Amino acid sequence: MSGCGGCAFKGMSTAVEHTYVGVRFGEETNLTLCGTEGEILGKGARVIVELDGEPAFGSVEQSPMPVFKPCQKSSARKIVRAATADDALAFERQREREVAAKLYCQERSRALNLQMKVSKASFALSGRKASIYFTAEHRIDFRQLVRDLAQRFSTRIQMVQVGSRDESALLGGIGVCGKTLCCSTWLKDFRPISIQMAKRQNLSLNPSKISGQCGRLLCCLAYEDDQYKGGKKPKDDRPSAEAV
């Protein structure tokens with residue numbers, strides 16, 4: 001028999017270990033589980049982590065970080081080394097370039113009459129590549145925009161089109177509940193949400209009350225939907241024993 005949900009890591013320990021810490025990158029809300037290779041790191045330690053083949057600058061926000069599922073250990077990111085003063089300077093340059101790239105991309109997209117909304121610019125710490133995230137209702141010919149960006153910032157540019165929900169996850173924010181958006185913290189997969197979920201829970205159908213920052217129906221409408229479905233049992237039309 002396998003582990004939870006068919007997991008192949010049955011039998012591995014789920015205890016809290018000092019070799020796993022939670023690292024925050026930039027202004028991201030989520031903490032990334034990282035392995036320290038046995039080294040003890042305290043909160044506030046600045047580290048270099050390998051992300052998608054590139055070094056990334058982060059700071060330890062939780063030490064140790066609980067590992068609730070054995071499979072989390074297999075996907076933990078590797079801390080390459082402690083960050084140096086030069087790394088901190090490179091990180092500051094990275095953030096400055098991200099702000100400048102977003103503004104420049106907005107200006108050039110308007111000048112080129114491209115019907116797109118620039119959501120975020122993300123540079124690698126090394127400066128060798130950058131990703132520009134945007135939303136658009138139609139297909140965009142951004143070839144000239146990419147050439148302008150590559151020339152302006154001397155780096156390889158990747159354009160990434162995202163949906164409204166993905167944009168909210170990227171940017172983060174506060175939901176109508178007063179808490180940080182689920183999609184920018186722990187929610188990874190978007191379930192289909194329907195107005196029937198709100199009706200089953202006797203919620204107001206006012207769009208401003210059941211819609212999230214993305215303009216779509218709140219993801220949390222699905223959290224308790226199964227319980228509401230199970231709680232409404234069909235009426236039994238069979239005659240009772242007394243009637244018989």
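Start by selecting the cysteines: the disulfide count here comes to 0. Keep in mind, as you click around, that this is a predicted model.

**Stop 1: the cysteines**

Pick C220 and show its sulfur. C220 is in no disulfide, and the nearest cysteine sulfur, that of C182, sits 6.3 Å away. A disulfide would call for two cysteine sulfur atoms within 2.5 Å, so a distance of 6.3 Å from C220 to C182 doesn't qualify. C220 is partly exposed, with a relative accessible area of 38%. Now jump to C105, which is buried, at a relative accessible area of 0%. Leave C105 selected, since a neighbor of it comes up later.

**Stop 2: zoom out**

Switch to cartoon and take in the whole chain. You should find 7 helices and 8 strands. Of the 244 residues, 33% count as buried. Turn on the surface, and you're looking at about 15600 Å² exposed by the chain, with carbon and sulfur atoms supplying 50% of it. How much of the contact list comes from residues 24 or more positions apart? Among contacts with a separation of 6 or more, such pairs account for 62%.

**Stop 3: the barrel**

Select β1 through β5. These strands make a closed barrel of 5 strands, and walking around it takes you through β1-β2-β5-β3-β4, with mixed pairing. From one strand to the next, the twist averages 55°.

Zoom in on β3 (residues 46–51) and β4 (residues 54–62). This pair is antiparallel, held over 6 bridges. To see one of those matches, label I48 and look across to β4, where its bridge partner is F57. As background, strands of a sheet pair through backbone hydrogen bonds, either parallel or antiparallel.

Next, click D52, in the loop between β3 and β4. Its phi is near 55°, a positive value in a residue that isn't glycine. D52 counts as exposed, at 63% relative accessibility.

Then follow β4 out into the loop that leads to α1 (70–75), where you'll meet P64. Check the peptide bond from S63 to P64: it is cis, with omega near -5°.

**Stop 4: the helix that meets both sheets**

Select α2 (85–111). On the barrel side, α2 lies across β3, β4 and β5 (77–82), running at about 100° to β4. Hold on to α2 while you add the other sheet.

**Stop 5: the open sheet**

Select β6, β7 and β8. They form an open sheet of 3 strands in the order β6-β7-β8, with mixed pairing. Which strands are at the edges? Those are β6 and β8, each of which pairs on one side only. The twist averages 20° from one strand to the next.

β6 and β7 run antiparallel to each other over 6 bridges. For a landmark, label A121 and find its bridge partner in β7, I132. Your α2 selection packs on this sheet too, touching β6 and β7, and its direction makes about 150° with that of β6. Add helix α4 (residues 164–171), which lies across β6 and β7 at about 45° to β6.

**Stop 6: the cores**

Show side chains for M116, I132, L145, L149, I157 and M159. These have the most contacts inside the largest nonpolar core, a set of 18 residues. Where do its residues come from? At least two are supplied by each of α2 (85–111), β6 (117–123), β7 (129–135), α3 (143–153) and β8 (156–161). The largest share, 4 residues, comes from α3.

Now center on L145. Leaving out residues up to four places away in sequence, L145 touches C105, R108, S109, L112, L114, M116 and M159. There's the buried C105 from the opening stop again.

Another core lies apart from that one: it has 10 residues, among them V23, C34, V47 and V60. Select those four to put it on screen.

**Last stop: S154**

Finish at S154, in the loop between α3 and β8. Is S154 buried or exposed? It counts as exposed, at 63% relative accessibility. S154 also has a positive phi, about 50°, although it isn't a glycine. Select D52 again for a second look at a positive phi outside glycine, near 55° there.

Methods:
Residues numbered from 1 in each chain as written. Predicted model: local features only at pLDDT ≥ 70, side-chain atom pairs only at ≥ 80, totals over all residues. Heavy atoms only, no water. Buried < 20%, exposed > 50% of the residue type's maximum accessible area, 1.4 Å probe, protein only. Contact = heavy atoms within 4.5 Å. Areas by Shrake-Rupley, 256 points an atom, 1.4 Å probe, with all protein chains shown as cover. Core = buried A, V, L, I, M, F, W, Y, C linked by side-chain atoms within 4.5 Å. Pairing = 2+ DSSP bridges. Axes fitted to C-alpha atoms, helices over the stretch in contact; angles between N-to-C directions.
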